[in-house]
Amino acid sequence: MPQQLAIIVLVDVGSALESESLEGNTYLFDNMKLQGSTNQGTGELVTAINGSYWRDGSQASEQVLNWLPYSLGSIPPTVPRGYEFDRARQTDEQALADLQDLASKSSVAGTDQTEQLSQVRKTVGARVKTTRRTRGRLSGQKILDVTGKVVTEDNTAAYTYPAPVITDIYGEAVDSKIMYPAEYGSPDLVTDGWYWSASVDTSRPGTYSYVMRIQLHKLVGLNGELRWEAVDLTCPSTLKITSEPRRNAFTKAGVGMLPIPPDAGTR
């Protein structure tokens, strides 16, 4: 069975949008640090892929890569899909309750309904307009801050950005047929059901570059409406395939059974 390797693509979306570049605003991690990956936590990650051959000289199976993009300083990726809709519904329900309370006080002398209506409008937040390029999860959402609260006129704290989206993987490693990337669907409730994965040919040692095309979303106002505008940027990275044999991380020897203490059966 192919070994699974995850590559985390963490993007500082706010800074990337401001500079219109992912350079210096992307932090890459994988789970191969103890197997030779270098520059962890930077944009210069070199992912080690070992195990072209078994200890007896026979070729090992291919490597499988999975890329997982996340936004730095946003609502945690572990929050389930549908969280934004739940928060929007809660604020709508609170606004309706406030309006009912205001209606019940309409006959009370001295009630400034105009002012109270203005307060309800300020606290309910605004929905982002749905566009052709933002249909789906981004459609009709309210803007939330990093703690999950609706951003209002009185609360203009930094808002949370939608997670980055990988839209393509290409470059030397693909052109050389070292890896075969593709986007797959999944019932995963956290990653929105889509992710990029690739099979890597481990029989051809060498260092190969590749490029991820990553789509970010920028909040803009137009004609009194808010909308997420897509911004496409690119992020290069590198694979390093070696012919070192796979080894057991516990025993440092070949892949096989873990050592069992002689007295394990008597305990």
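**Exercise 1. Identify the partner of Lys142 in its salt bridge, and state where each residue lies and whether it is buried or partly exposed.**

Solution. In this predicted model, the side chain of Lys142 forms a salt bridge with that of Asp92, at an N to O distance of 2.7 Å. Lys142 belongs to the loop between H3 and E5, whereas Asp92 belongs to helix H2; the pair, 50 residues apart, links distant parts of the chain. Next, the accessibility is assigned. Buried means under 20% relative accessible area; Lys142, at 5%, is therefore buried. Asp92 has a relative accessible area of 26% and is partly exposed.

**Exercise 2. Determine which strands or helices hold the residues of the salt bridges Arg213–Asp168 and Glu93–Arg89.**

Solution. The structure holds four salt bridges. In the pair Arg213 and Asp168, the closest N and O atoms are 3.3 Å apart. Arg213 is in strand E8 (residues 206–222) and Asp168 in strand E5, so their salt bridge ties together parts 45 residues apart in sequence. Both are partly exposed, Arg213 at 30% and Asp168 at 24%. Asp86, Arg89 and Glu93 are joined into one network by salt bridges that share partners. Within this network, Glu93 and Arg89 meet at 3.9 Å, N to O. Both residues are in helix H2 (residues 83–104), four residues apart, or about one turn of the helix.

**Exercise 3. Describe the order of the five-stranded open sheet and explain why one side of each edge strand has no neighbour.**

Solution. The strand order is E2-E1-E4-E7-E6, with mixed pairing. Strands E2 (26–30) and E6 (179–185) are at the edges; each has a single partner strand, so one side of each lacks a neighbour in the sheet. From one strand to the next, the twist averages 25°. E1 (residues 3–11) and E4 (residues 63–71) are paired in the parallel sense over nine bridges, and Gln63 of E4 is the bridge partner of Gln3.

**Exercise 4. Characterise the surroundings of Val9 and Thr160.**

Solution. Val9 lies in strand E1 and is buried, at 0% relative accessibility. Beyond four places in sequence, its contacts include Leu28, Trp67 and Ile214. Val9 and Ile214 are 205 residues apart in sequence, with a C-alpha to C-alpha distance of 9.8 Å.

Thr160 is found in the loop between helix H3 (113–124) and strand E5 (165–170). Thr160 is buried, at 12% relative accessible area. A polar atom of the Thr160 side chain lies 3.0 Å from the backbone nitrogen of Ile75. Leaving aside neighbours within four places in sequence, Thr160 also contacts residues including Ser74, Leu144 and Trp228.

Conventions. Residues are numbered from 1 along each chain as its sequence is written. This is a predicted model: local features need pLDDT of at least 70, side-chain atom pairs count only at pLDDT 80 or more; totals for chains, interfaces and linings use all residues. Side-chain values use heavy atoms; hydrogens and water are left out. Two strands pair if DSSP finds at least two bridges between them. Helices (H or I, at least four residues) and strands (E, at least two) are DSSP runs, numbered from the N terminus. Axes are lines fitted to C-alpha atoms, for helices over the stretch in contact, and angles run from 0 to 180 degrees between N-to-C directions. Buried means under 20% relative accessible area, exposed over 50%, partly exposed in between (1.4 Å probe, protein chains only). A polar contact is a pair of N or O atoms within 3.5 Å; within protein, one must be able to donate a hydrogen and the other to accept it, and residues adjacent in sequence count only if both atoms are side-chain atoms. Contact means heavy atoms within 4.5 Å.
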